[in-house]
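Hi,

Here is the structure I promised to pass on. Please have a look, then read my notes below.

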Amino acid sequence: AARKPPDVGVSGSRHRARVGVDVTMWDNPRGFGRFTRHAVAALLDLDHDTDYILYGDSHTVASGRLPRGAAGRAVSLRQRPADVLSSGGTRHPLDILRLSTAAVRDGLDAFLFPAVLSYFPTPGVPSIVGIHDSTDIEYPHLVFGSRRAAWTAAMKARWAISTAAALFTVSESAKRTICAHLGIGEARLSVVPEAPAPVFHPRGPDERARALARTDRKSTRLNS
């Protein structure tokens, strides 16, 4: 289970940076949830000089699934963001206010949003926002459950982008598309590859040959 946040809300001198992370999509088994889980694990493994505080709903923080190397910050919400946003809905305004208030009160140096989908304002705290692709911009009718949800998501994304201290996406291809559709300068959008889990790594010649051999055998059986 995640440990209790150290000295949350207490002012004073600190030598370690304190970075908040939005984990409200942690329980989403696909896409944003998977990226968040592996990205947080990679951060904790690589960066031992920063205190990471993970912000989520009470159920997520109490579940015991958050990594031990970070502090869990439970925020009481009316709805679970992973359920609402994954189905193309919109969060309750009070939930957004509660998340924002918690982040602002905790004396953070920066706040990381692995995906713009679950962004909420963090006034006075520099935000780092991930934009995975432009699907919701190009095809909102396929992504969202209503025009209202699509409009809300578009406004949220524009607000997040305009106020972010840093932006990132997951590939050079996504970067080109996002910059073209949203008018973001390429110099402002960094690329963080969407493969932080150890299972994703460059394959050597022998490993590739074995994989191709397995594929050929399966293809032969299917066509016989």
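pLDDT is the predictor's confidence in each residue, from 0 to 100. The model is predicted. Its chain has a mean pLDDT of 84, with 88% of residues at 70 or more. One stretch is weak: residues 6-13 stay under 50. For that stretch the model has 9 contacts beyond four places in sequence.

Helix α4 first. It covers residues 93-105, 13 in number. At 1.5 Å a residue they should span 18 Å, and the end C-alpha atoms are indeed 18 Å apart, so the two agree.

Which residues of α4 are buried? They are D95, L99, S100, A102 and A103. Viewed down the axis of α4, these buried residues fall within an arc of 160 degrees, so they line one face of the helix. An α-helix has 3.6 residues a turn, so residues three or four places apart point the same way. The buried residues of α4 pack against three strands: β2 (50-57), β3 (71-75) and β4 (110-113). P93, L97 and R105 are exposed on the other side of α4. Just after the helix, G107 has a positive phi of about 65 degrees.

Next, S134. It sits in the loop between β5 (127-130) and α5 (135-138). Is S134 buried or exposed? Its relative accessibility is 4%, so S134 counts as buried, the cut-off being under 20%. The S134 side chain makes a polar contact of 2.6 Å with that of E138. Leaving aside neighbours within four places in sequence, S134 touches T177, I178 and H181.

Best wishes

Terms used: Residues are numbered from 1 along each chain as its sequence is written. This is a predicted model: local features need pLDDT of at least 70, side-chain atom pairs count only at pLDDT 80 or more; totals for chains, interfaces and linings use all residues. Side-chain values use heavy atoms; hydrogens and water are left out. Contact means heavy atoms within 4.5 Å. Helices (H or I, at least four residues) and strands (E, at least two) are DSSP runs, numbered from the N terminus. Buried means under 20% relative accessible area, exposed over 50%, partly exposed in between (1.4 Å probe, protein chains only). A polar contact is a pair of N or O atoms within 3.5 Å; within protein, one must be able to donate a hydrogen and the other to accept it, and residues adjacent in sequence count only if both atoms are side-chain atoms. The expected span of a helix is 1.5 Å times one less than its number of residues. The arc is that of the directions from the helix axis to the C-beta atoms.
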